[in-house]
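Q: Hi! I've got a structure open and would like to talk it through. Can you help me find my way around?

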Amino acid sequence: MTRQATIPDTARVAGGVVLPTLAGGVLKRRPRVIALAERLQLDRTAVGLLRRLHARHGPGPLLLRVPGRSIALMLDAEDVERVLANTPSPFHPASLEKRAALNHFQPHAVLATKSTEREPRRRYNEAVLETGHELHSLAGQARTVVREETERLLANTTELDWATFNTAWWRIVRRIVFGDGARHEHAVTDELARLRLRANWAYLWPKSKRARQSLHQRIGDLLARAESGSLAAKIAELPTESGIDPAGQVPHWLFAFDAAGMATLRTLALLATHPRQNTDAHADLDDPALSYLRGCVLDTVRLWPTTPVLLRESATATSWHGTQLPPGTTFFVFTPYFHRDPEAIPFADEFEPQAWLDGRAEQHPALVPFSDGPGRCPGENLVLFVTSTMLAELLRRGDYRLLSPRTLSPQRPLPATLDNFGLRFAVDPKVIAPK
Ligand code: HEM
């Protein structure tokens, strides 16, 4: 027998989990909604609801009552592990909703690809992003980019907020992806931002083929320059199998670097308010791998996942704890529920970077800020490199006091929702000796 949610419970999941996630903007965050979500601590409410459903119905997956659709809410960490490990078959990442949203700006990206082209596109992403390598072969050049931009960001500054940080962040991203010449090429990231806003509406908003083609053309032109030391140069070096469409992969990278910027500034906020971790981070500055700072970023993305919902769509019937679910079922994994479960995770509401270095995080199969299995984020190592390098540059050049919000402290549980747009710091610059 299938475990099925009641109609009121389905309505609660729709109102308490799905709606706030959609309203916040899945593809491009809406700052006003995120500010409100922080004030109301909506993620705490959502996690509480899922815990109650788990207590009442058992491990699930819990079938929601949605007419004409089979949508299953995941409530068990090992079931999450199974779904992610068995991607793309039978659990495919390019679910109906994801395709509807991503097709607005990246129909050829691996994450949106349902056809047999998924595999070569995945291989191609791994090759350019050098997925298995902690340090990308372009790390030397990227480090210089991050150092220069962070130095400029902090020059003559006594306050740091999201807007100033974000301007520097996108300069870094454009330089790493396309080369130094793209530092001021705002048009490419602005056009993408506009398409991402449309994509927030998935099938409820018409697609603009013209805007999508214009973005594709702009990306193609920037890639054609193949500036040395950039991902564009790496693309130019690599052979391309037919059907891959390198320029069609790039919108996802640019879009996903947005999340990495959010994670960077949130990590700085945690370090500014957690003296023990701040001391450990400073001690890590001489480690070329910046392992502790990588752990800091991982724990930040655990605390506030930038991909709070993982979706998978089954190609076959599947059975779960003695119950059957039909093919075409959408599996809905709300990661904050697993990342902040106080019964399973002893450090659920604390900042615990060390857990990513000493094996504790690995013991929990549903701590998945970068997903897991064959669909795991192929950009993870590059992200951890760029974010930890920027944090190291920030820490070397200043001391930070968090002015807003006032809710982060090692003495109390960390908030479930943290608005990155509202972060504001006082900066006390440090003079650093030239190398
Ligand atoms: C904080 C930053 C990031 C986080 C937390 C993150 C996390 C994730 C997650 C959770 C997924 C799986 C999504 C799903 O299954 O629906 C994913 C997929 C992916 N990510 Fe990231 N990501 C980040 C940044 C990046 C960056 C900067 C790049 C590229 C430069 C990138 C490239 C990709 C690609 C290509 C996929 C699709 C993989 C596939 O379908 O096989 N990500 N990422």
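A: Happy to! Keep in mind that this is a predicted model.

Q: Thanks. Let's start with the ligand: how many residues surround the ligand, and which are the closest?

A: The ligand is surrounded by 26 residues, and the closest are Lys 98, Arg 118, Arg 122, Arg 312 and Cys 377.

Q: What does Lys 98 do there, in terms of distance to an oxygen atom of the ligand?

A: Lys 98 has a polar side-chain atom 2.7 Å from a ligand oxygen. For Arg 122, a polar side-chain atom also sits 2.7 Å from an oxygen of the ligand, and for Arg 312 the distance is 2.8 Å.

Q: Which helix gives the largest share of the shell around the ligand?

A: That's H12, with six residues. Helix H12 spans 246-273, and helix H6 (118-129) and strand S5 (309-314) each supply at least two shell residues as well.

Q: Switching topic: how many disulfides does the structure hold?

A: Zero.

Q: Why is there no bond between Cys 296 and Cys 377?

A: Cys 377 has the closest cysteine sulfur to that of Cys 296, but the two are 19 Å apart, so they are too far for a bond; the cut-off for a disulfide is 2.5 Å.

Q: Is Cys 296 buried or exposed?

A: Buried, at 0% relative accessible area. Cys 377 is partly exposed, at 29%.

Q: And on the surface, which residues make the nonpolar patch?

A: Leu 96, Trp 201, Tyr 203, Leu 204 and Trp 205 make a patch of about 560 Å². Leu 96 belongs to helix H5 (residues 96-102) and is partly exposed, with 38% relative accessibility.

Methods
Residues numbered from 1 in each chain as written. Predicted model: local features only at pLDDT ≥ 70, side-chain atom pairs only at ≥ 80, totals over all residues. Heavy atoms only, no water. Patch = residues over 30% accessible without salt bridge, like charges linked within 9 Å, V, L, I, M, F, W, Y side chains within 5 Å. Areas by Shrake-Rupley, 256 points an atom, 1.4 Å probe, with all protein chains shown as cover. Salt bridge = Lys/Arg side-chain N within 4 Å of Asp/Glu carboxyl O. Helix = DSSP H or I, 4+ residues; strand = E, 2+ residues; numbered from the N terminus. Buried < 20%, exposed > 50% of the residue type's maximum accessible area, 1.4 Å probe, protein only. Near = heavy atom within 4 Å. Polar contact = N/O pair within 3.5 Å; in protein donor to acceptor, adjacent residues only side chain to side chain.
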